Amino acid sequence: MALCVKGTRLTVWLCLGLAMAGCQSAPQSPKARTITISADITLHPLAEGVWVHTTWFDLPDYGRCPANGLLVVDGPEALLIDLPWTNELTATLCDWITRNLKATVQTVIPTHFHQDCMGGLAEAQRRGALSYASDKTIALAWQKGLPVPQVPCRSQTLIRCGTTLVLVTHPGAGHTTDNVIAWLPVQKILFGGCLIKSMDSASLGNTQDGDPAAYPATLRKVQAAYPEARIVVPGHGRWGGPGLIGHTLGLCSERASNPGE
Ligand SMILES: [Zn+2]
Ligand SMILES: [Zn+2]
């Protein structure tokens, strides 16, 4: 009898759960679906097994700044495209993934050498993750005395997380000379990183390690290569559709007409 009651309760909870899961497929405010891991780390689901991770850091002279990356989980394997800003944030995110998603971060892909992409690389490597990066990023990391990614990607490298595919490409210089983008062909998600600006960005931001002259051609290459992109994720701010690439191109023309900015 007691079992029966328990069973009934379980059924009720399952039904409620299913009803709630059903609700989740209806349009919801993005905030409602965001998972808060700590005051400085959130995850937002994009597709089955794919999340945006957003981490916040206090930049001297600038203030609190968010940065985006992707988390891919396929079975017991997890992969991070861009790491959080610091080793501490990376440890918290990796621990949360292990505890809640029962997966271990085995692969990390910093998309250029700046802190918002590889500030947590030492911690990821300490935990045994294998790091892939552009050969240009590896050279810059050596030069600057930063932790060095292990496996060089040249023009295009296909990386797997379980059966999930991630294609890493260096489309040319832009935000930095070493910036790469990551394409998930099945989910049709493009992680543009800091090469791509969010719709509310009014300028290209910091290009002192980049190449403003090459930037537009690099963006046109990205635009031509991924016309079927469903979601485009910028390095900072809100993600959207392929319109973000066009928006960033527009910011290049503004920069060209106001080079002093
Ligand atoms: Zn950067
Ligand atoms: Zn950035």
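The following paragraphs describe the metal sites, a helix pair, a set of salt bridges and two backbone features of this predicted model.

The two metal sites offer a convenient point of entry. The zinc ion (ligand 1) is held by three histidines, with His 112 and His 175 each contributing NE2 and His 114 contributing ND1, at 2.0 to 2.1 Å. Along the chain these donors follow the spacing H-x1-H-x60-H. His 114 belongs to the loop between strand 6 (104-109) and helix 4 (115-118), whereas His 175 belongs to the loop between strand 10 (164-169) and strand 11 (181-184); the pair therefore ties together parts of the chain that are 61 residues apart in sequence. His 114 has a relative accessible area of 14% and is buried. His 175 is likewise classed as buried, at 6% relative accessibility.

The zinc ion (ligand 2) lies 3.6 Å from the zinc ion (ligand 1). The protein donors of the zinc ion (ligand 2) are of three residue types: an OD atom of Asp 116, SG of Cys 194 and NE2 of His 236, lying 2.0 to 2.2 Å from the ion. The spacing of these donors along the chain is D-x77-C-x41-H. Asp 116 is part of helix 4, and His 236 is part of the loop between strand 13 (231-234) and helix 8, so this pair joins parts that are 120 residues apart in sequence. The surroundings of these two donors can be set side by side: Asp 116 is buried, with a relative accessible area of 10%, whereas His 236 is partly exposed, with a relative accessible area of 25%.

The loop that carries His 236 leads to helix 8, and helix 8 in turn packs against helix 7. Helix 7 spans residues 215-225 and helix 8 spans residues 243-257; their axes are 10 Å apart and meet at an angle of about 165°. Because angles over 145 degrees count as roughly antiparallel, helix 7 and helix 8 are therefore roughly antiparallel to each other. Their crossing is left-handed. On the side of helix 7, the contact is made by Tyr 215, Pro 216, Leu 219, Arg 220, Val 222 and Gln 223. These residues meet Ile 245, Gly 246, Thr 248, Leu 249 and Cys 252 of helix 8.

Attention now turns to charged side chains. The whole structure contains 5 salt bridges. Asp 95, Glu 123, Arg 126 and Arg 127 are linked in a network of such bridges. One of its links joins Asp 95 to Arg 127, whose closest N and O atoms are 3.0 Å apart. This pair connects distant parts of the chain, since Asp 95 sits in helix 3 (residues 87-101) and Arg 127 in the loop between helix 5 (121-126) and strand 7 (130-134), 32 residues apart. Asp 95 is partly exposed, with a relative accessibility of 33%, and Arg 127 is partly exposed at 32%.

Arg 127 also forms a salt bridge with Glu 123, and here the closest N and O atoms are 2.7 Å apart. Glu 123 is in addition paired with Arg 126, with a closest N to O distance of 2.9 Å. Glu 123 and Arg 126 both belong to helix 5 and are 3 residues apart, about one turn of the helix. The two partners fall into opposite classes of accessibility: Glu 123 is buried, with a relative accessible area of 10%, whereas Arg 126 is exposed, with a relative accessible area of 62%.

Finally, two loop residues merit attention for their backbone conformation. Most residues other than glycine have a negative phi. Asp 82, however, has a phi near 65°, a positive value in a residue that is not glycine. Asp 82 is located in the loop between strand 5 (77-81) and helix 3, and it counts as buried at 1% relative accessibility. Lys 188 also has a positive phi, of about 55°, although it is not a glycine. Lys 188 is found in the loop between strand 11 and strand 12 (189-193). With a relative accessible area of 31%, Lys 188 is partly exposed.

How values were computed
Residues numbered from 1 in each chain as written. Chains lettered and ligands numbered in written order. Predicted model: local features only at pLDDT ≥ 70, side-chain atom pairs only at ≥ 80, totals over all residues. Heavy atoms only, no water. Salt bridge = Lys/Arg side-chain N within 4 Å of Asp/Glu carboxyl O. Helix = DSSP H or I, 4+ residues; strand = E, 2+ residues; numbered from the N terminus. Buried < 20%, exposed > 50% of the residue type's maximum accessible area, 1.4 Å probe, protein only. Donors = N, O, S within 2.8 Å, 3.2 Å for Na, K, Ca; no water. Axes fitted to C-alpha atoms, helices over the stretch in contact; angles between N-to-C directions. Parallel < 35°, antiparallel > 145°, perpendicular 65-115°, else oblique. Left-handed = near helix turned anticlockwise from the far one by under 90°. Contact = heavy atoms within 4.5 Å.
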